[in-house]
Amino acid sequence: MPAVVIVGAQWGDEGKGKATDLLGERVDYVVKFNGGNNAGHTVVIDGERYALHLLPSGILSPGVIPVIGNGVVIDPGVLFGELEALNERGIDTSELVVSSNAHLVTPYHVVLDRVTERFLGKARIGTTGRGIGPAYADKISRLGIRVQDLFDEKILQQKVEGALDQKNQMLVKVYNRRAMSAADLVAELLSYADRLRPMVQDTTLLLGNALAAGKTVLLEGGQATMLDVDHGTYPFVTSSSATAGGACTGSGIPPTAITRVIGIVKAYTTRVGEGPFPTELLDESGERLRSVGGEYGTTTGRPRRCGWFDGPVARYSARINGITDFVLTKLDVLSGLDQVEVCVGYDVEGTVVSDVPMSQTEFHHAKPVYQTLPGWSEDISAARSFADLPANAQTYVQFIEDLAGAPVSVIGVGPARDQTVVRRDLLS
Ligand code: GDP
Ligand code: IMO
Ligand code: MG
């Protein structure tokens, strides 16, 4: 089982951290391939809760080599802060490997992220304010600063000066902010170089050799399909490729090495930030999902928007990613409802469609068409096999599977590692 991909199948926070942790004991490498510290992946081990942002969740699994791939954007101050926080809790982080080609998030990216959002006003994206969009924009504009630049002071100086020539114009003239000093920024970045140096490798070579030696590599996606810069609800997306294709470009692992694509999907839907969300519930049903599901952002603490399961979105994700298995999380949160609604299509200005519409305008106007399924009252958090689930919960899972068009191989019934029903092994 060489390379396995984990992706979010909705708008993020589906439980990718828990799914990665579940497989952690059986894989050799866990690679983060996109995003940065906009992510917040929660792992609960022996009652202890860990929130990973820039680091792959696999850093918590003994024996796993955690890798930050070339597709990630790294805020070095955040990286060291996160490593120190884990070390203080007794986690060994010494095996971390960082790609020399990953781009850096610098203080001007963070400032620009925040001021552009403020200037957008009502049209804002609702970003996490971590500088992610501006850092990826610079990467594509070929203005970015990469990890390897920290080890060549002359180049670093040139690149920082080149970038600040442009950024300072924007900061001062457009956004009325103070200019940044190139000398100060170079000094700050150089202060990270010695600590980072031993972690840095050509991670494409490392992973290529690992695959050639028959090792198992898990590619842990950040964000999700509907937040992908190409396939999501643009412009209300993040700035990276969060889908299975991004796992290849963000790690240097070829598509032919990938044998399994695991889509993580919540038993209902949540979204943080702005943008279309057809099944959003703005009433007490949404409030119930938020409070029972603890739907508050891992990174920003913002309340997550909540709504019913969206079948067309799950099917779209299955298609875009080539999902071979779904992990359906948080089924326990639906316990106690008399009825559960599932969106099976949309009414777009009088026409009922079963797929995600082609245009963003149509998606904004899409009204969900629901099928009502009977609920269940039992607490399912102690279920460990499919047969342990009440009949109506089983029917719900099977309905989702048929609608989404890929098997639900694993079901989450609580945040802990063992609160899991495995119907089909994800690695064999
Ligand atoms: P990620 O970004 O996809 O890793 O997801 P987050 O960690 O941001 O959000 C998922 C939340 O749901 C976390 O608090 C998890 O501990 C929790 N969680 C994961 N799976 C389950 C589950 O099956 N049931 C419940 N009740 N909580 C879960
Ligand atoms: P994980 O990996 C949920 C959302 C933000 C915003 C949009 C753009 O934990 O699932 P950005 O800061 O990336 O430019 O913000 O994307 N967003 C997420 N929403 N989970 C995430 O990560 C997210 N990362 C970014 O809320 O709407
Ligand atoms: Mg999250």
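Residues are called buried when their relative accessible area is under 20%, exposed when it is over 50% and partly exposed in between, with a 1.4 Å probe and protein chains only. By this criterion, buried residues make up 57% of the 428 residues in the protein. The structure is a predicted model, in which local features need pLDDT of at least 70, side-chain atom pairs count only at pLDDT 80 or more, and totals for chains, interfaces and linings use all residues. Residues are numbered from 1 along each chain as its sequence is written, chains are lettered from A and ligands numbered from 1 in the order in which they are written, and side-chain values use heavy atoms, with hydrogens and water left out.

We can begin with the overall architecture. The protein contains 12 helices and 20 strands, where helices (H or I, at least four residues) and strands (E, at least two) are DSSP runs numbered from the N terminus. Its radius of gyration is 22 Å, close to the 22 Å given by the globule rule for 428 residues, so the protein is as compact as a globular protein of that length; the radius is taken over C-alpha atoms, and the rule is 2.2 Å times the number of residues to the power 0.38. Along the principal axes, the C-alpha atoms fill a box of roughly 65 × 50 × 40 Å. Of the contacts with a separation of 6 or more, 75% are between residues 24 or more positions apart, a contact being heavy atoms within 4.5 Å.

The surface comes next. About 17300 Å² of the protein is accessible, and carbon and sulfur atoms hold 50% of that area; the areas come from the Shrake-Rupley method with a 1.4 Å probe, and for residues only the protein chains shown count as cover. There are 39 positive and 50 negative side chains, and the centres of the two sets lie 4 Å apart. In this count Lys and Arg are positive and Asp and Glu negative, while His and the chain ends are not counted; each charge is placed at NZ of Lys, CZ of Arg, CG of Asp or CD of Glu.

A metal site merits a closer look. The magnesium ion (ligand 3) has Asp 13 (OD) and Gly 40 (O) as its protein donors, at 2.0 to 2.1 Å. The two donors link distant parts of the chain, 27 residues apart: Asp 13 is in the loop between strand E1 (3-8) and helix H1 (16-24), and Gly 40 is in the loop between strand E2 (29-32) and strand E3 (41-45). Asp 13 is partly exposed at 23% relative accessibility, whereas Gly 40 is buried at 10%. Donors here are N, O and S atoms within 2.8 Å of the metal (3.2 Å for Na, K and Ca), and sites may look incomplete because water is not among the atoms.

Helix H4 (residues 132-140) offers a view of the interior. Its residues Ile 132, Pro 134, Ala 135, Tyr 136 and Asp 138 are buried, and the buried residues of H4 pack against strand E6 (73-74), strand E8 (103-104), helix H3 (107-120) and helix H5 (153-174). Just after H4, Arg 142 has a positive phi of about 65 degrees.

Some backbone geometry also stands out. Most residues other than glycine have a negative phi, and most peptide bonds are trans. Lys 330, which is not a glycine, nevertheless has a positive phi of about 60 degrees; this residue is in the loop between strand E15 (325-329) and strand E16 (339-348) and is partly exposed at 22%. Glu 349 has a positive phi near 45 degrees, lies in the loop between E16 and strand E17 (351-353) and is exposed at 62%. A cis peptide bond, with omega about 5 degrees, joins Tyr 234 and Pro 235.

Pro 235 is in the loop between E10 and helix H8 (244-249), and Ala 242 is also placed in the loop between E10 and H8. Ala 242 is buried, with 0% relative accessibility. Leaving aside residues up to four places away in sequence, Ala 242 touches Val 7, Phe 33, Asn 34, Gly 222, Gln 223, Ala 224 and Asp 228. By contrast, Asp 338, in the loop between E15 and E16, is exposed at 71%. With the sequence neighbours up to four places away again set aside, Asp 338 touches Pro 374 and Gly 375.
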